[in-house]
Amino acid sequence: MSRIPRDYLINRLVTLVLTVLIAATLIWIIPRLSPVDPAEIALGRMAAGAGAVENAGEILETLRAQMGIDQPLIVQYFKYIKGVLLFDFGLSTAAFPTPVSALIANALPWTLGLMLISLIITFIIGNLLGALMVWEKTPRLWKVAIPAAMVFTSIPPILSGLLLMWIFAATLGWFPLTGAYGLTVEPGWSWDFATSVLHHGFLPALSIVVVTFGFWALGMRGLMISVQGEDYTTLAKAKGLKPRYILYKYMIRNAILPQITAFALKIGLLIAGQVLVERIFAYNGMGKLLYDAILDQDFPVIQGVSYVIILMTALSVFIVDLIYPFIDPRVRHEVA
Amino acid sequence: MAETLQTPTRAEKRQARRLRRFDNPWLNPKLIWGVALLLGILLLGLIGRMLWNLDLVFTGSATLKLPPVGFENLRKQEGVWDFPLGTDGSGRDMLALIIIGAPNSLFVGLLASLIGMSTGIVLGFTAGFVGGRTDDVIRVLSDVMITIPPLLILVVFQASFGDVSLTMMALLIAGFVWQSPTRLIRAQVLSMKQSGYVQMARLSGASTGHIMFREMMPNLVPYLFGSFIANVTTSIVTAVGLEVLGLGPQRIPTLGRTIYEAINAGALIQNLWWWWGIPTLLLAVMFVGLLLINLGLDEVSNPRLRKLS
Amino acid sequence: MLDDTETVLTLTDLCIEFPTPRGLVQAVKDLNLSIARGRRVGFIGESGSGKTTTALSVMQMLAKPGRVSGGQIDLGGTDVLAQGEEEMRRLRLSRVAYIPQGAMNSLNPIMRIEPQLWDAILAHEPGVSRPDLKARSDAALVSVGLPVHAGRLYPHELSGGMKQRVCIALGIILTPELIIADEPTSALDVVTQRQVMQTLKEIQEKIGSGLILIGHDMGLMAQSVDELAVLKDGELVEHGSVAQIITAPEHPYTRDLISSVPVVGGASFLNPERRAEAPKRDSSEPLLRFEGVSKVYGDVTALRPLSFTLEGEVPQIISIVGQSGSGKSTMGSIMLGFNPPTTGRVLFEGQDLATMSAAASLDFRKNVQAVFQDPYACFNPFYRVNHALKFPFKRFGLSEGEAHTQKAMEEACVAVGLDPDLVLTRYPHQLSGGQRQRLIVARALMLSPKLLIADEPVSMVDASLRATILANIYDLKDKHGISILYITHDLATAYHVSDYVMVLYKGQVVEAGPPKSVIGDPQHPYTQLLIASIPWPDLNRPWGEGGAEDPGVQEAPTIHRGDVAGFDLVKG
């Protein structure tokens, strides 16, 4: 840590805190501007369940007190911010007495697992293919095939999800249509469960990879072309280094640097895209939780899920920023 | 290597064509194809409105779940020319749906991107020129906003407010697509400020306005276009994402909402591929068009790229 | 003279061509040349003469789509053109090494220096052990005058001269038969250039390889090589020993190259026709005045407090000379009002630049113009070049209509020796560097300012054109009565054009006075060092020694060598 310049660290921390604060505030303000009263929704649900509710006025008051929305706005805001920092988002209105944090805790590992795997795979494949588009020793066939594969890039993840689902699940039946694991297997540390999870995770992960690798490949192509024109690449060739060594240690190693920054910037969009994929595949992660919450008008859950995803995004950006000085020695010396 | 030996004349012809393209970067085939695809979708919307009966877009205007012409559905019904692209689960004509829906998506993308771009130009130039505190605020703000995924904030918004209009959706998305142009323009302005020709212009007594709009702006054009197109893509992806979650405009047919309904009705299991497939295909065409334009613009702004491909 | 058995490189009827939109371009035509072991051969010529192309073809590293279309390249008995890719890779560095022009960017920025030497060894001798690698890289670094710990640093932590030394260490680490050095010192200032060049010569003599030195500076060649090959438009126009070519050049082009090197004390390349009067001025205040001006960036002092007055009654050229980092360019940007001083005031005709009204500011802009180092950057690539001339002419209210502007532009072009029909409607990239810089001079001429700041106006222009452009600038004073502040690292030109010279070292004036004294007979050790380090096209002249960091240089006090009327430097 001592090798990260202090100004740089402070700068990144301020950005992290501001991001989380602004996002939390936005999530809080928007529903307050809406005319919908969450207490009435909850009451409506009770009424629907019980047939009729007699002392509606009293229950409404109690609900409001429970939800804390009978207090002045400013008090609500600070309570909310305090709660958010402790991951306390209140109680779900759809599954009423369940705390939102418990629902999120169940869903989060699924999303994290899917996300980590697919993000890492895409980043590696995308950048490698992008580099191969430029490298002079790439076989001809590859140089034609890679740009052709780019067509997938232009499709949003939900659409690729639909296509893959139709081809491999609905038509061919190779993979299950929906869910994160089979209904017949018991969740736990068993071989059956693990294979089931992998089997179910394959298509969602593939649909993310297929549509996002092109983004990295395109960016990498542009960067590689600049690196190819750099004097150090010419000198590397003049040194008689092996072409493959030049590709990895001189070209990709330098071209990848801006891609890592781009990774931090785009991470939010990628995670949001994944939420949609989860929704299509009815995968048990945050996306499905969010989608169900939207259907049920379950505001605490919507807020909680949005907040946690934004927090994840902001944290990933922060981590990438912290790692960066170790990948690019120049950053350690000149702070922007 | 082998190819040069076999057909040297062809290789040379290709070389000549490549070199010609080098001279006029705006005429590259990628750019032309991309624009053509987008214009195609616009024309589908415009001509379709004139020639097709748009009332077919209402629920129950036809037999349910009819396949496109030349196909058969699971109930052994054949497609009919009255509804050439088939009908959806509630008896709406697919052709009428896409004639109305496709231009809508493009409209949202263009409007949101236009607003985002204008904001980006204003903020980017301000940050680059004013510097100091103003620059700090704009820089940190765009750093912060760029990490917040627009989709989530919009989900919260739509879920709270219920139905929104297309324009409102575009405005909301615009709130999340000004960051990249701002950063891009700020960086370019800062580097151009040091450039010889801007210094020359200052020596020539040029006003700040002249330097911004007459000296810097023309050189920014390819970057601005590139950023604009990238933003159109992001905006459409976000809009379609919302629609697929069932959160877009409720009363206007959109491609995303059609897909939402198809998934909800189990169109995948029932093999009603045209219901979700046609809007998906149309979106894909739109995105391929945008991608091609972006690649073409890259070649304009980065001459090194032109040597390849 | 040359023994065949000792030949390291033989080029026979070498032809190289580049396909372009306008057809094939013959970059090198029927070139015949051989280089003996241990000999240093200079390839001299302007940019585009084919010297780098020839050298790169020896390594089979021509930029695409260039190709060798005929002839033979024989590297110590190996037919280079017959080698496959893998064989060629093995030849590179082990038998023919390349020292690049842009040492600034030639090292991988994210690798330490040592591994960049090691991977070169390992590519040719797989399996060398770590201690051996370390021992060899240390020895290579020491042999080029670098401390061993430099190997643990990253390239951005080294100065330009040090990076160039690393590139030399890399070039000799496998003791090749032939070293190709492509303008290895073009980015360095004179003192560092001399030191690096001396290192390269020493080490080349030690390992006994052949050396091709590519360059365009006849002085540097005279000091560095044994033989000279003069190239023009892809043809070898003259080849012989350096002594023979310098004393008795046969080809007119060679003669041009030699005479284009300005020499201190030699014949002037200027021929003043008449002395112009300074333009009538309304103000009785001096033209430009520095009052205790200094500039500090963070904890670096770029310029120490400096006070002087330029009266401007008679047009004068004041030269400010120094190496990069001496503060001379900072001074230029302060004078132009681009960069506010940290302390002190800059007064133009009695008015402080910092507190000027808008109207006065426009007047200041009209009267103080500049010529910058990089003529390409000075033109907006979006516009035709006439935009740069037309716009200020109109802006300052000098234009009396389109026709008048056009006429003024054409006259200015003619005055600097350009054909207006050929250049004015072109785009900047369609013109040569020399043409662009002359246009910038023409622009200054059109605006007829009272003061011109010329910041390294010829350092990025081909050597043969430098004299012409300097003559154009000199004419501004001589024929048009414009006072000029000439900022340069080139003492020889300063000697010829200026009325007064200030030598800047680490932000401080160390010697000042008329050029005949300061440059003709330097007294301060720093000025002496600069002058001794200039490479002269004179084989009998020693090339000097020592560096700018020597204690004798650092501690010597400022020396004033006399005054000239109209310019008053406050002695402090």
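## A covered helix in chain B

Let's start with helix 11 of chain B: what covers its buried residues includes helix 10 of chain A, together with helix 4 (94-130), helix 10 (208-244) and helix 12 (273-301) of chain B. Helices here are DSSP runs of H or I with at least four residues, strands are E runs of at least two, and both are numbered from the N terminus. This is a predicted model, where local features need pLDDT of at least 70, side-chain atom pairs count only at pLDDT 80 or more, and totals for chains, interfaces and linings use all residues. Residues are numbered from 1 along each chain as its sequence is written, while chains are lettered from A and ligands numbered from 1 in the order in which they are written.

Helix 11 spans residues 255-264, and 9 of its 10 residues are buried (20 or more other C-beta atoms within 10 Å of a residue's own, with C-beta atoms placed from the backbone). Among them are R257(B), Y260(B) and E261(B). Just after this helix, G266(B) takes a positive phi of about 70 degrees.

## Where chain A meets chain C

Here, 19 residues of chain A are in contact with 23 residues of chain C (contact means C-beta atoms, placed from the backbone, within 7 Å). On the chain A side, helix 9 gives the most, with 6 residues.

## A strand residue in chain C

Over in chain C, I484(C) sits in strand 18 (residues 483-488). Why does I484(C) count as buried? Because I484(C) has 25 C-beta neighbours inside 10 Å. Leaving out residues up to four places away in sequence, I484(C) touches residues including I317(C), L452(C) and I473(C).

Definitions and conventions. A residue is buried if 20 or more other C-beta atoms lie within 10 Å of its own, exposed if 12 or fewer, and partly exposed in between; C-beta atoms are placed from the backbone. Two residues are in contact if their C-beta atoms, placed from the backbone, lie within 7 Å.
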